Amino acid sequence: MRAYQFTGYGPTSSKVVLTDLAAPVAQRGEVLIEIHAASLNPIDYKIVRGDLKRVVSYKLPHRLGYDLSGVVTAVGEGVTRFKSGDEVYARTSGDSIGSFAQTIALNQDYVAMKPSNLPHDQAAALPLVGLTTVQGLVDRVHVKSGQSILIHAGSGGVGTFAVQYCKHLGMNVTATTSSRNAEFVKSLGADRVIAYDKENYLDAGQTYDVVYDTLGGAVTSDSFKVVKRGGVVLSLSGPPDRGFPERVGAGLVVRLAVWMMSRKVYAAAKQAGASYCWYLTEPSGRQLTDIAKIVESGAIKPVIDREFPFDRLLDALTHLQSGRARGKIVLKVR
Ligand SMILES: NC(=O)c1ccc[n+]([C@@H]2O[C@H](COP(=O)([O-])OP(=O)(O)OC[C@H]3O[C@@H](n4cnc5c(N)ncnc54)[C@H](OP(=O)(O)O)[C@@H]3O)[C@@H](O)[C@H]2O)c1
């Protein structure tokens with residue numbers, strides 16, 4: 001079967017190659033999936049660039065890609081939830097990445113039936129951003145109907161899902177984007193859009209129960225200037241929070257490193273009387289089943305910026321790295 005692999009750490013243009021590999025076999029507890037479509041996420045190029053080398057190391061060459069939608073063609077021993085012919089979607093774990101390929105064998109716990117109202121190319125756009133949104137806003141921050149939220153980068157992969165999801169929950173949503181995308185983000189349901197090239201979100205005269213930081217850098221600590229007392233800045237791109245080492249069972253060195261990295265953010269949090277939360281998304285077939293139901297109800301639609309044919313993954317990665325994608329980029333495998 002044909003599969004993309006990265007052969008070393010560096011630019012995606014020279015380190016990602018299309019190869020022929022032996023087709024995987026479903027082991028105990030795994031389903032074998034014929035992939036119809038995959039979607040790209042910033043973590044794909046960050047892995048290849050080596051940004052995450054200190055957190056996850058891969059034996060090279062290694063397959064690449066988290067998100068997929070496809071059809072089950074075989075099941076391993078002990079698989080109870082799926083059978084051949086099922087149309088499924090999934091977000092892999094960090095260990096099992098490899099959706100930029102014709103087939104993949106995945107733990108059945110990562111897999112769910114895809115939303116029945118969507119073709120594979122649209123379903124493939126949902127898993128990682130959907131799980132990220134639910135695991136952050138619901139599992140970590142416990143958002144409620146009526147609360148206000150500022151979503152940074154409402155036009156990105158995560159943002160386009162999060163804006164729709166927060167409206168589905170009955171929240172009051174403000175999102176940032178450029179003026180080029182302002183009307184589009186409003187059309188996703190945002191109550192207010194702040195176009196960063198016309199207005200600074202820090203000067204908009206509003207405070208929020210929750211700020212969802214998808215940008216990192218100065219935005220993480222600056223976000224405390226617009227969060228309410230008792231509120232929370234939930235970050236995907238800032239430094240790890242100080243509970244993270246304990247959650248992953250890390251030792252003293254990591255605890256000290258995280259403490260140092262997050263000093264500025266915790267100083268800002270203290271001054272604002274708010275809290276800081278950071279997390280890493282995990283695979284979950286159970287949560288993908290819940291997300292599929294919401295999508296089938298029509299409350300959330302995938303947003304696709306562009307689709308690329310299978311042999312143009314490198315162009316798709318270059319486009320994603322421009323940072324200008326509006327929604328998700330999809331790789332059509334079949
Ligand atoms: N911790 C985790 O587990 C986790 C999970 C998911 C994602 N992430 C991280 O979260 C980040 C966002 O992911 P993504 O998939 O949403 O990225 P993305 O789709 O590549 O984001 C692109 C979007 O960001 C917007 N944007 C860029 N700069 C902006 C700014 N200064 N203000 C407002 N909007 C801006 C762009 O809009 P314009 O073109 O209009 O500027 C574009 O629509 C990435 O760094 C990703 O790695 C982390």
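Guide: Welcome! Helices here are DSSP runs of H or I with at least four residues, strands are runs of E with at least two, and both are numbered from the N terminus. With that in hand, H142 can be placed in the loop between helix 4 and strand 9 (148-151). Please keep in mind that this is a predicted model.

Visitor: What is the phi of H142?

Guide: Most residues other than glycine have a negative phi, and most peptide bonds are trans. H142 has a positive phi of about 55°, although this residue is not a glycine.

Visitor: Which residues does a cis peptide bond join?

Guide: Look at L60 and P61, whose shared bond is cis, with omega about -5°. You will find P61 in the loop between helix 2 and strand 4 (62-63).

Visitor: Now to the whole chain. Into which domains is the protein chain divided?

Guide: There is domain 1 (2-126 + 302-332), written in two stretches, and domain 2 (128-278). Taken over C-alpha atoms, their centres are 26 Å apart. Where the domains touch, domain 1 supplies 13 residues and domain 2 supplies 15 residues.

Visitor: How much area is buried between domain 1 and domain 2?

Guide: About 1100 Å² is buried there, with 55% of that coming from carbon and sulfur atoms. On the domain 1 side, L126, V303 and R326 lose the most area to domain 2, and together they make up 47% of what that side buries.

Visitor: Let us turn to the ligand. Which residues around the ligand come nearest?

Guide: The ligand has 26 residues around it, and K46, S178, Y196, R324 and A325 come nearest. By type, the shell holds 11 nonpolar, 12 polar and 3 charged residues. Domain 1 and domain 2 each give at least three residues to this shell.

Visitor: How far are polar side-chain atoms of Y196 or S155 from an oxygen atom of the ligand?

Guide: For Y196, a polar side-chain atom lies 2.4 Å from a ligand oxygen. For S155, an N or O atom of the side chain is 2.7 Å from an oxygen atom of the ligand. The backbone takes part too: a polar backbone atom of L236 is 3.3 Å from a nitrogen atom of the ligand.

Visitor: How much of the ligand does the protein cover?

Guide: On its own the ligand has 940 Å² of accessible area, and the protein covers 85% of it.

Visitor: Which elements give two or more residues to the shell around the ligand?

Guide: They are helix 2 (42-49), helix 4 (127-140), helix 5 (157-168), strand 10 (172-177) and helix 6 (179-187).

Terms used: Residues numbered from 1 in each chain as written. Predicted model: local features only at pLDDT ≥ 70, side-chain atom pairs only at ≥ 80, totals over all residues. Heavy atoms only, no water. Near = heavy atom within 4 Å. Polar contact = N/O pair within 3.5 Å; in protein donor to acceptor, adjacent residues only side chain to side chain. Areas by Shrake-Rupley, 256 points an atom, 1.4 Å probe, with all protein chains shown as cover. Nonpolar A, V, L, I, M, F, W, Y, C, P; charged D, E, K, R; others polar. Domains from an automatic or database assignment. Contact = heavy atoms within 4.5 Å. Buried area = accessible area lost by both parts, 1.4 Å probe.
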